[in-house]
Amino acid sequence: MKKIVSSLILFSSAIVLGACGITTPDESEKSSQATSQTTEATTDAASGASKQEEYTDPSELKDKYDVVIVGAGGAGMSAAIQAKEDGANPVILEKLPVAGGNTTKSSGGMNASETKFQKEDDIEDSNDTFYKDTLEGGQNTNDKKLLRYFVDHSADAIDWLDNMGITLNNISYSGGASVKRIHRPEDGSAVGGYLVEGLLRNVHENDIPIFVNTDVTKINEEDGQVNGVEIDMDGNKQTIDADAVAVTTGGFGANEQMIEENRPDLKGYVSTNSEGSTGDGIKMIEKLGGQTVDMDQIQVHPTVIQKDGTLISETVRGEGAILVNQEGKRFFNEMETRDKVSDAITNLPEEEAYLIFDDALANRAKQVDFYKEQGVVESGDTIEDLAQEIDVPKKQLKETLANWNEAVDNKEDSDFERETAMDYDLTSGPFYAIKIAPGIHHTMGGVKINTNTEVLDKDNQAIPGLYAAGELTGGLHGNNRIGGNAVADIVIFGRQAGTQATKFAQGNN
Ligand SMILES: Cc1cc2nc3c(=O)[nH]c(=O)nc-3n(C[C@H](O)[C@H](O)[C@H](O)COP(=O)(O)OP(=O)(O)OC[C@H]3O[C@@H](n4cnc5c(N)ncnc54)[C@H](O)[C@@H]3O)c2cc1C
């Protein structure tokens, strides 16, 4: 493969995102220890890792492929690698100058049940429990067939990644999970950069062509069967024919217009998303008659910096931080699901809150170093000093922390019935505060697929030759995604899209 674009994959993503005012690649959905290495990874991702990766020379683009994959995020690269394993010769077309999309930004991890790594750690879990937790999190609105397929194939997805040198064997809790189920890289570092780098390495090892700066503008069909795409490659428009097309273009969390159309109440919210998350795939598939579901189900994350959409990792709460209002009082169980914590913040008169934590926590959750560099962390040597900095009543903040530390000692939060992330008290100064409010984080709705990732039309019939996987699809998460389930979604259904598109292309569907 001739290669041209020498890019620092992780760093390039950070530059691209930074250029659009979107910063740290971080969302942590774990809630216990083993975060000491996370900053190293986060810092690497933000400051430029040493790895150089390359993309395919535009001159090598052919006018026909058996399987065309649209979008080079986690779902797209998983689909491509699986398609190649199954005997196809796929191509990946990516509109941005680098691969990765929102996947690069994910750092919490990937949920999976009955995995070999859980067994090694004596963690008792089952696919049924994973199913139940996800259904509870989604308040029973999830597509149950997709969910069943998802949980039953999660362990296999972990093995598949491991066999490719992408090992997620550091397991912890995530919000809404009843057991330790979120899988992370061994050193506790961010999952996204590691996953994207590993998938891209395998894309190259498998000689799968991957073209960047290649915007797919239309999906073509003839007599109802999908047969290719229109592209704009650096200004050159072209038709690429295909036997099957797998669309993996991600969600629409960065498309203000689509957000407003589907959820007028979220107009003006900041977004944590990559600039590529503009809902292109959903729009192209709708033009072909594809059905959409749950488009108004947009996940808002409770702890986002409002000026630039920086996500404050769930790890900070997971390691023991509390949330207080402007009166210096706790107001909710910080470890509740994201929708509920977000609502609790939005219902405050000031519609924002402070994450409060101590120096010991800052040492455990190393992401805090990055937040300090960003200038979003207020500090005080004592609780009173901190209260002064953030203009909350000193006496009240002191009392709130004393009550909280007593709850941690007794392992009982009689105020808000928090049950997890109570391993550490908040007693070692300096003390810190980060002002946060909810921001748009994940679009749970999208195109309707079946468990074969076939895109369904308005009569629930599969559109021949058209497959979709990842954040552009809807149904799996219902009305509330559990942290860690999106990365699992893109690998599990990305692979399925690769397999099914290959079968279709080979005439074996
Ligand atoms: C800050 C942050 C942290 C997160 N952390 C976690 C986590 O820890 N765990 C978890 O489970 N989930 C997490 N998520 C959610 C998860 O990362 C995403 O849902 C998932 O990675 C989406 O993967 P994808 O492959 O579907 O889309 P993406 O990774 O977004 O990839 C889609 C790709 O398609 C490209 N594309 C779009 N339109 C076109 C077009 N017209 N032509 C060609 N290419 C196109 C995009 O540029 C992009 O590269 C996080 C999300 C964010 C924003």
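User: Which helix gives the largest share of the lining of the largest pocket?

Analyst: Helix 6, spanning residues 127-137, does, with three residues. Please keep in mind that this is a predicted model.

User: Thanks! What is the volume of that largest pocket, and which residues are closest to its centre?

Analyst: The volume of the largest pocket is about 440 Å³. Its lining has 20 residues, and Gly175, Gly176, Ala177, Met335 and Glu336 are the closest to the centre.

User: What makes a residue of this lining polar, nonpolar or charged?

Analyst: Residue type decides: Asp, Glu, Lys and Arg count as charged, while Gly counts as polar and Ala and Met as nonpolar. Sorted that way, the lining divides into ten polar, seven charged and three nonpolar residues.

User: Which domains does the lining draw on?

Analyst: Domain 1 (9-24 + 45-297 + 464-505) and domain 2 (302-440) each supply at least three residues to the lining of the largest pocket.

User: Moving on to helix packing, why is helix 7 called roughly perpendicular to helix 18?

Analyst: The axes of helix 7 (residues 144-152) and helix 18 (residues 485-505) cross at roughly 90°. Angles of 65 to 115 degrees count as roughly perpendicular, so helix 7 earns that description relative to helix 18. The two axes also come within 10 Å.

User: Which residues make the contact between these helices?

Analyst: Helix 7 brings Leu146, Tyr149 and Phe150, and helix 18 brings Asn485, Ala488, Asp489, Ile492, Phe493 and Gln496. By class, this contact has six nonpolar residues, two polar and one charged.

User: And the backbone: what is the peptide bond from Gly429 to Pro430, cis or trans?

Analyst: The bond from Gly429 to Pro430 is cis, and its omega is near -5°. Pro430 lies in the loop between helix 17 (394-410) and strand 15 (431-443).

User: What is notable about phi of Asp223, and where is this residue?

Analyst: Phi of Asp223 is near 50°, a positive value in a residue other than glycine. You will find Asp223 in the loop between strand 7 (214-222) and strand 8 (225-233).

Notes. Residues numbered from 1 in each chain as written. Predicted model: local features only at pLDDT ≥ 70, side-chain atom pairs only at ≥ 80, totals over all residues. Heavy atoms only, no water. 1 Å grid on protein atoms, 1.4 Å probe; cavity = no way out; pocket = protein on both sides within 12 Å on 5 of 7 lines; lining within 4 Å. Points joined across faces, edges and corners; volume = space filled by probe spheres on them. Helix = DSSP H or I, 4+ residues; strand = E, 2+ residues; numbered from the N terminus. Domains from an automatic or database assignment. Axes fitted to C-alpha atoms, helices over the stretch in contact; angles between N-to-C directions. Parallel < 35°, antiparallel > 145°, perpendicular 65-115°, else oblique. Contact = heavy atoms within 4.5 Å.
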